Amino acid sequence: CAAIACALAMICAAGAANSTAVSWAYTENTPVISAAGTYPRLAKLSDGRLLATHGTCVSFSADHGDSWTTTRPLPTPQKTAMSASHRLNPANHQPFVLPGKGQNGADLVLISYRCDTNGFGNAKVGTFYTSLRVVTSLDGGATFGDEIVLIENTCLRRTEEHANDNSIYSSYRGYWEPMPVQTDNDTVLLYYADDLSVEAGKSPWRQQIRYFTYSIASGAWNTDTANNIAIDGSIRTSSTLGSRDGMPSVTKLSDGSFAMVIEAQDYNNRSYIRPDGTKTEKGYAGMVITLAFSEDGKTWPIEKMRPIAAPTNLFTAGSIAAGYSCGAPYIATLPDGRVAVSYQSSEDYIGDRGVRLPYVLRVIVSNEPLTYNSDIIATEGGVSPSFTALDAPFPAVRNESQVWNSVSCIDGRLYALSSTRVTGTAGSGASGVMVTSEYAAKP
């Protein structure tokens, strides 16, 4: 597979009065975190260092991201009785730090991830293994061990009868994209996307956001799935097709409530124009970025959910630009209470669209501080009027995709991370450093 590079940018957001009062500080001389890895994510340790996960590795920075050292691999996933016959693929690593909760006052670092059958997307018929796991460090990230399997299962990838079609019987389902957030002094909720537990017989494009609970005091996980649905994409839209609600990312807001962004299909009940210009009936529309609110992190009222980013011409009749998608969002709260949201967009990708992931990174910032009672205006194409788009952290380069991105606000700096892939006529290779221009600050 193609090598993936992780790049990083930051904007100085402390004290900003509006969405444009920030400036990207990334330059062509800023080093990449690593020349390999996907799903780059960031956390801060108590000693001030930054910890970044990328692929199956972890790296550290002692100078606010100006340089990265001590890249080390995470432990190899352990085989279970259920996964014994499968070659395992760990991905979607997400770090979370509990200061001083490790041994001898060190930080406890929890890294959650999905682990499934490697290379199974190319299989036509077979059994697919899926799981969510956590690996822990009791010494602030110096060593890792104590892998915990939170949930695991298998499902039939395809039946012989439907081996070559695109029916509901031909797609594998599983547990995806874990995301931890501390909700009170003793509780961490680990959100994840789940299309395996959706009612049998329904389209695999229906997906739910669920959560597990971790007690900081006892160190125990509650993995009961009887009543752990946060958002149910199989029922929340007016479309009979439901919505594939996935890639949850959650942040705590200034009033103590929580905001979540997901990739979703809020407009499945409307017709749209495919990139080739043909019109669909009311069916699967492109993915959009949807914002949700919760007072306790567990209950997310459907009536407060709003799409905040979508392809510009998603619903423009006759436009060949319609049918593009936005996905893989991430959210962070800024010091002044506003939020920044990153996502990948296929609309602005430049180059061969026959590649698997023709996306580039986009970042938007809310115009006002967000609270549970914020009134967000839904988008019907482009960015919501409640948000402002920043200049791209990394410029769109022909045949270079920017995927599985994230944003993190640490010590007044908003970091944007992206894994990048360059695709050529002869195949794929790694990109080096991504170059950006400064974002001009306005008075």
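Student: Which element gives the largest share of the lining of the second largest pocket?

Tutor: Happy to help, and remember that this is a predicted model. The second largest pocket is lined by 26 residues. Elements that give two or more residues to this lining are β2, β6, β10, β15, β19 and β24. The largest share is five residues, and the strand that supplies them is β10.

Student: How many residues of each class, nonpolar, polar and charged, does that lining have?

Tutor: Start at the centre of the pocket, where Phe96, Pro180, Val250, Thr251 and Cys409 are the nearest lining residues. The space in this pocket is about 730 Å³. Sorted by class, its lining has 16 nonpolar, six polar and four charged residues.

Student: Which strand gives the most residues to the largest nonpolar core?

Tutor: This core has 49 residues, and Tyr191, Met260 and Trp300 touch the most other members. Beyond its neighbours within four places in sequence, Trp300 is in contact with residues including Tyr191, Met260, Phe258 and Phe293. Another core, of 18 residues, lies apart from the largest one and includes Val261 and Ile364. With six residues, the strand that gives the most to the largest core is β11, residues 187-194.

Student: What is the mean pLDDT of the protein chain?

Tutor: Where pLDDT is low, the predicted coordinates should not be read in detail. In this chain, 74% of the residues reach 70 or more. The pLDDT is below 50 over residues 12-21, a stretch with 27 contacts in the model beyond near neighbours in sequence. Residues 317-321 are also below 50, while the mean for the chain is 81.

How values were computed. Residues are numbered from 1 along each chain as its sequence is written. This is a predicted model: local features need pLDDT of at least 70, side-chain atom pairs count only at pLDDT 80 or more; totals for chains, interfaces and linings use all residues. Side-chain values use heavy atoms; hydrogens and water are left out. On a 1 Å grid over the protein atoms alone, a cavity is a set of points where a 1.4 Å probe fits but cannot get out, and a pocket is an open set with protein on both sides within 12 Å along at least five of seven lines; lining residues have an atom within 4 Å of a point. Grid points are joined across faces, edges and corners, and a volume is the space filled by probe spheres set on the points. Helices (H or I, at least four residues) and strands (E, at least two) are DSSP runs, numbered from the N terminus. Ala, Val, Leu, Ile, Met, Phe, Trp, Tyr, Cys and Pro count as nonpolar, Asp, Glu, Lys and Arg as charged, and the others, Gly among them, as polar. pLDDT is the predictor's confidence in each residue, from 0 to 100. Contact means heavy atoms within 4.5 Å. A nonpolar core is a set of buried Ala, Val, Leu, Ile, Met, Phe, Trp, Tyr and Cys residues joined through side-chain atoms within 4.5 Å. Buried means under 20% relative accessible area, exposed over 50%, partly exposed in between (1.4 Å probe, protein chains only).
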